[in-house]
Amino acid sequence: MNYGMSDREAILDRLAQLPHWDGLGPVRMIPLLEATELRTVAAGDTLFEQFHPAKEFYLLQSGTAILSTASAERTEMVHYGTVDWLDAALGWSGFLPPSRYGSTVTARKNMRVLCWSHARLAELFYADPELSVRFFNLVFGSVGQTFLYGAKGGEAYVMESAAGRPLINAVGGIRAIIN
């Protein structure tokens with residue numbers, strides 16, 4: 001972390017240094033960085049709920065998120081994984097029709113997330129299509145990791161467009177069945 005910078009500035013500086021932006025130029029990054037909000041989610045609090053309209057997208061900066069989905073009867077939530085790595089994409093299903101969250105995300109430990117509104121991202125991406133391609137490379141690079149983390153030692157449930165990603169674990173055996 002750079003001394004003299006606020007936490008938000010230091011995080012945005014790190015985000016701007018990611019290889020996804022190589023060759024884009026710092027001036028084109030300014031609108032995306034200005035649209036970024038840093039939020040804290042207390043342990044036990046819900047970031048967003050499954051089936052609710054998706055109005056925001058998040059990248060995890062610290063903490064642990066519990067991923068849950070409704071049971072078939074929708075009577076209880078079933079935890080299907082946790083994520084705790086830097087820049088894990090949370091709420092990405094909101095980019096896809098019908099623009100609803102595909103799972104519920106709750107903070108297991110206090111979390112810090114970068115947040116963007118979908119409306120503001122749409123404005124930025126229509127104005128600069130290459131920026132959108134770079135942004136979605138960052139997002140979808142995290143999606144396979146997010147939904148297949150459980151394959152390291154348990155069961156994985158792959159939802160929505162993540163099902164198109166390769167489903168091979170570290171030992172080379174397929175560990176998922178997709179309906």
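1. Two bridges connect strand β2 to β6, and the two strands run antiparallel. In this predicted model, β2 covers residues 46-48 and has the highest mean pLDDT among the elements of the chain, at 97. One pair links the two strands at residue level: threonine 46 stands opposite threonine 106 in β6.

2. Strand β6 also takes part in other pairings. Eleven bridges join β6 to β3, again in the antiparallel sense; here leucine 67 has valine 105 of β6 as its bridge partner. Strand β1, residues 37-41, pairs with β6 over five bridges, likewise antiparallel. Within β6, cysteine 115 is the bridge partner of glutamate 37.

3. Which strand holds threonine 64? The residue belongs to β3, which spans residues 56-70. Threonine 64 counts as buried because its relative accessible area is 7%, while the cut-off for burial is under 20%. Beyond its neighbours within four places in sequence, threonine 64 contacts Thr82, Val83 and Asp84, together with a run that comprises Thr106, Ala107, Arg108, Lys109, Asn110 and Met111.

4. Serine 103 sits in a loop, between β5 (89-90) and β6 (104-117). Is this loop residue buried or exposed? With a relative accessible area of 7%, serine 103 is buried. Its side chain makes a polar contact of 3.3 Å with the side chain of tyrosine 80. Not counting residues up to four places away in sequence, serine 103 touches Phe48, Glu49, Gln50 and Ser68 as well as Tyr80.

5. The largest nonpolar core comprises 24 residues, and those with the most contacts inside it are Leu15, Trp21, Leu32, Phe57, Leu59, Trp116 and Phe135. Two or more residues of this core come from each of α1 (7-16), α2 (26-34), β3, β6, α3 (118-127) and α4 (129-148). The greatest contribution is that of α4, with four residues. Another core, of 19 residues, lies apart from this one and includes Tyr58, Tyr80, Ala88 and Leu90.

6. Phenylalanine 57 deserves a separate entry. This residue is among those with the most contacts inside the largest nonpolar core. Leaving aside neighbours within four places in sequence, phenylalanine 57 is in contact with Ala89, Leu90, Gly91, Trp92 and Phe95, with Leu114, Cys115, Trp116, His118 and Leu121, and with Phe135 and Val139.

7. Helix α2 has three buried residues to note, namely Met29, Leu32 and Leu33. They lie on the same side of α2, because the arc that they cover around the axis is only 95°. Which exposed residues does the face turned away from the buried side of α2 carry? That face bears Val27 and Glu34.

8. Confidence should be considered when the model is read. The average pLDDT of the chain is 79, and 74% of the residues score at least 70. Among the elements, α4 has the lowest mean pLDDT, at 73, and α4 is also the element that gives the most residues to the largest nonpolar core. Two stretches have a pLDDT below 50. Residues 146-154 form one of them, with 23 contacts in the model beyond near neighbours in sequence. Residues 160-175 form another, with 25 such contacts.

Technical notes: Residues numbered from 1 in each chain as written. Predicted model: local features only at pLDDT ≥ 70, side-chain atom pairs only at ≥ 80, totals over all residues. Heavy atoms only, no water. Buried < 20%, exposed > 50% of the residue type's maximum accessible area, 1.4 Å probe, protein only. Contact = heavy atoms within 4.5 Å. Polar contact = N/O pair within 3.5 Å; in protein donor to acceptor, adjacent residues only side chain to side chain. Core = buried A, V, L, I, M, F, W, Y, C linked by side-chain atoms within 4.5 Å. pLDDT = per-residue confidence, 0-100. Pairing = 2+ DSSP bridges. Arc of directions from axis to C-beta.
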